[in-house]
Amino acid sequence: MHRVREAPAQSAPAPLPGTLAHDALTGLSAQPKRLPSKYFYDTRGSRLFEQIMRLPGYYPTRVEAALLRTHAEALLAEAAPGDAPIELLELGCGDGSKTLTLCRAWLKAGATLVYRPMDISPQALDRLGARMARQLPLLPVRPLCGDYFQTWPIPQAHRRQVALFLGSNLGNFTDAEAHRFLRRVRVHLRPGDSLVLGLDLRKDPHTVLAAYDDPEGVTAAFNLNLLTRLNRELGMDFVPDAFRHYASYCPLQGVARSYLVSQAQQTVHSRVLGRAFDFLAGEVIHTEQSQKYERAGVQAMVEACGFAMGAWFEDRALPYALVVCRAE
Ligand SMILES: C[S@@+](CC[C@H](N)C(=O)[O-])C[C@H]1O[C@@H](n2cnc3c(N)ncnc32)[C@H](O)[C@@H]1O
């Protein structure tokens, strides 16, 4: 089956690995086609994700926020025992709304805290900085714009680092990527530092699926916005209406997946890549996966990556966990 063609009049230099151009070229040339979920978060995508977090069916944000509120002091004692000053480094912070509550509680409990939100989206960091300044003016905030696979702040000798990775973002990685990510974090942390993971756990498949397929259509708009981004940044001519959002959940693997489904046979071109990509009617682009975890699997994974598993705070009604991983 012929799926990728050279566009006749154009030739473009090979894009650099790690760029949108490279990942789009590789992903749209693959079989099945795929696009990395990290490209969802342009200005519109970040705003749509904030709307998703407020949807009734999107339980992860609500449940995680409640766990952070309920266990804030216990988390402080587990993740940063003693009274050393703390650098709280949030990886992929997004709007940081849940962390605001945590920071407030930690300051109230007497912690000396610097908050370092890190994100690839400068817009998300700008909005978060403004909100923190308004709502928690006494908290020092030092944002860091970058990719958490490439950037890490230089640790300060007198500060304990606590890395936060919330929203079950680890579940967006493949198993190999999750291990690579955890090993990388572990390399940067010093003994006594820790990583706090927010992880979605296996539960009723209907509940999981509803979180990725809202009747309001916000998740569909979020998914389709990826095509609008490719049009803008890679000179592509996707017609978003010619694709449809599709979500699935496999309870055997514990994986939710999102796709964009081509509604017709069509060819899409990129001026920047100098390429054309053919789609069959019904062909999919895989855009996101969300792994749902079990405790034993989490323990095996974090230990394989050099952490000792510490406290586990779980919501039993809608299974979700905050896990303290200690660098020892
Ligand atoms: C699903 S949102 C979650 C935000 C937040 N952690 C939460 O729980 O609400 C993912 C965030 O991670 C950011 N992100 C995705 N890939 C990233 C990367 N490789 N490096 C840094 N940030 C990234 C996105 O820009 C987005 O703001």
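**The ligand site and the loop between S6 and H7**

In this predicted model, Ser168 is placed in the loop between strand S6 (160–165) and H7. The phi angle of Ser168 is near 55°, a positive value in a residue other than glycine. Most residues other than glycine have a negative phi. The loop between S6 and H7 also holds Asn172, whose side chain makes a polar contact of 3.4 Å with the side chain of Ser290. A polar atom of the Asn172 side chain lies, in addition, 3.0 Å from the backbone oxygen of Gln289.

Asn172 also belongs to the surroundings of the largest pocket, which has a volume of about 1300 Å³. Of the 50 residues that line this pocket, Ser37, Lys38, Tyr148, Asn172 and Phe173 are the closest to its centre. Several elements give two or more residues to the lining, namely the helices H1 (20–29), H2 (43–53), H3 (59–70), H5 (97–108) and H7 (175–188), together with the strands S4 (113–119) and S12 (284–291). When the lining of the largest pocket is divided by class, 16 residues are nonpolar, 22 are polar and twelve are charged.

The largest pocket is the space taken by the ligand. Around the ligand there are 17 residues, of which Tyr41, Gly92, Lys98, Asp119 and Tyr148 come nearest. Tyr148 thus appears both among these nearest residues and among the lining residues closest to the centre of the pocket. The shell around the ligand comprises seven nonpolar, six polar and four charged residues.

Contacts with the ligand involve both backbone and side-chain atoms of the protein. A polar side-chain atom of Asp119 lies 2.5 Å from an oxygen atom of the ligand, whereas at Gly92 a backbone N or O atom lies 2.7 Å from a ligand nitrogen atom. At Gly167, a backbone N or O atom is found 3.3 Å from an oxygen atom of the ligand. The ligand on its own has 600 Å² of accessible area, and the protein covers 95% of that area.

A further backbone feature is found at Pro32, which lies in the loop between H1 and strand S2 (33–34). The peptide bond that leads from Gln31 to Pro32 is cis, with omega near 0°. Most peptide bonds are trans.

How values were computed: Residues are numbered from 1 along each chain as its sequence is written. This is a predicted model: local features need pLDDT of at least 70, side-chain atom pairs count only at pLDDT 80 or more; totals for chains, interfaces and linings use all residues. Side-chain values use heavy atoms; hydrogens and water are left out. A residue is near a molecule or strand if one of its heavy atoms lies within 4 Å of it. A polar contact is a pair of N or O atoms within 3.5 Å; within protein, one must be able to donate a hydrogen and the other to accept it, and residues adjacent in sequence count only if both atoms are side-chain atoms. Accessible areas come from the Shrake-Rupley method with a 1.4 Å probe; for residues, only the protein chains shown count as cover. On a 1 Å grid over the protein atoms alone, a cavity is a set of points where a 1.4 Å probe fits but cannot get out, and a pocket is an open set with protein on both sides within 12 Å along at least five of seven lines; lining residues have an atom within 4 Å of a point. A molecule sits in a cavity or pocket if more than half of its atoms lie within 2 Å of its grid points. Ala, Val, Leu, Ile, Met, Phe, Trp, Tyr, Cys and Pro count as nonpolar, Asp, Glu, Lys and Arg as charged, and the others, Gly among them, as polar. Grid points are joined across faces, edges and corners, and a volume is the space filled by probe spheres set on the points. Helices (H or I, at least four residues) and strands (E, at least two) are DSSP runs, numbered from the N terminus.
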